[in-house]
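Hi,

Here is the structure I promised to pass on. Have a look at it first, and then read on for what turned up.

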Amino acid sequence: MTHLPYIAASYGLTLAVVLWLGIGAWQRTSRARVKLAQIDPRGDVR
């Protein structure tokens, strides 16, 4: 019996979680940037 399915599943699950967390962080950053633009009178300064 080979352990390849378990190893592949663990890597796949890890990749899915990393993508999920990354997309969530990107969305939160985008929303925060929009909120800041609404309240900051100076505009978008980078």
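Let's start with Leu-36, which sits in helix α1, the stretch covering residues 4-39. The whole thing is a predicted model, by the way, so keep that in mind as you read. Is Leu-36 tucked away or out in the open? In between, really: its relative accessibility is 48%, so it counts as partly exposed, because that label covers values from 20% up to 50%. Now pick out Ala-16 as well. Leu-36 and Ala-16 are 20 residues apart along the sequence, and their C-alpha atoms are 30 Å apart in space.

Zooming out, how many helices and strands does the protein have? The count is 1 helix and 0 strands. If you draw a box around the C-alpha atoms along the principal axes, it comes out at roughly 65 × 15 × 5 Å. Of the 46 residues in the protein, just 4% are buried. The exposed surface adds up to about 4,600 Å², and carbon and sulfur atoms supply 69% of that.

Next, something to find on the surface. Which residues make the nonpolar patch? They are Leu-13, Val-17, Trp-20 and Leu-21, and the patch they form is about 460 Å². Take Leu-13 as an example: this residue lies in helix α1 too. Leu-13 has a relative accessible area of 56%, so it is exposed, the cut-off being over 50%.

Then there is the charged pair. The structure holds 1 salt bridge. Asp-40 and Arg-42 form it, and their closest N and O atoms are 3.4 Å apart. That pair counts as a salt bridge because the limit is 4 Å between a side-chain nitrogen of Arg and a carboxyl oxygen of Asp. The two partners make a nice contrast: Asp-40 is buried, with a relative accessible area of 16%, whereas Arg-42 is exposed at 68%. The 16% of Asp-40 falls under the 20% cut-off, which means that it gets the buried label.

Where is Arg-42 along the chain? You'll find it in the segment after α1. For a sense of distance, try Arg-42 against Ala-8: they are 34 residues apart in sequence, and 50 Å separates them in space, C-alpha to C-alpha.

If you want somewhere to begin, click on Asp-40 and Arg-42 and look for the salt bridge between them. After that, go to the patch with Leu-13 and Trp-20 among its members.

Cheers

Methods:
Residues numbered from 1 in each chain as written. Predicted model: local features only at pLDDT ≥ 70, side-chain atom pairs only at ≥ 80, totals over all residues. Heavy atoms only, no water. Buried < 20%, exposed > 50% of the residue type's maximum accessible area, 1.4 Å probe, protein only. Helix = DSSP H or I, 4+ residues; strand = E, 2+ residues; numbered from the N terminus. Areas by Shrake-Rupley, 256 points an atom, 1.4 Å probe, with all protein chains shown as cover. Patch = residues over 30% accessible without salt bridge, like charges linked within 9 Å, V, L, I, M, F, W, Y side chains within 5 Å.
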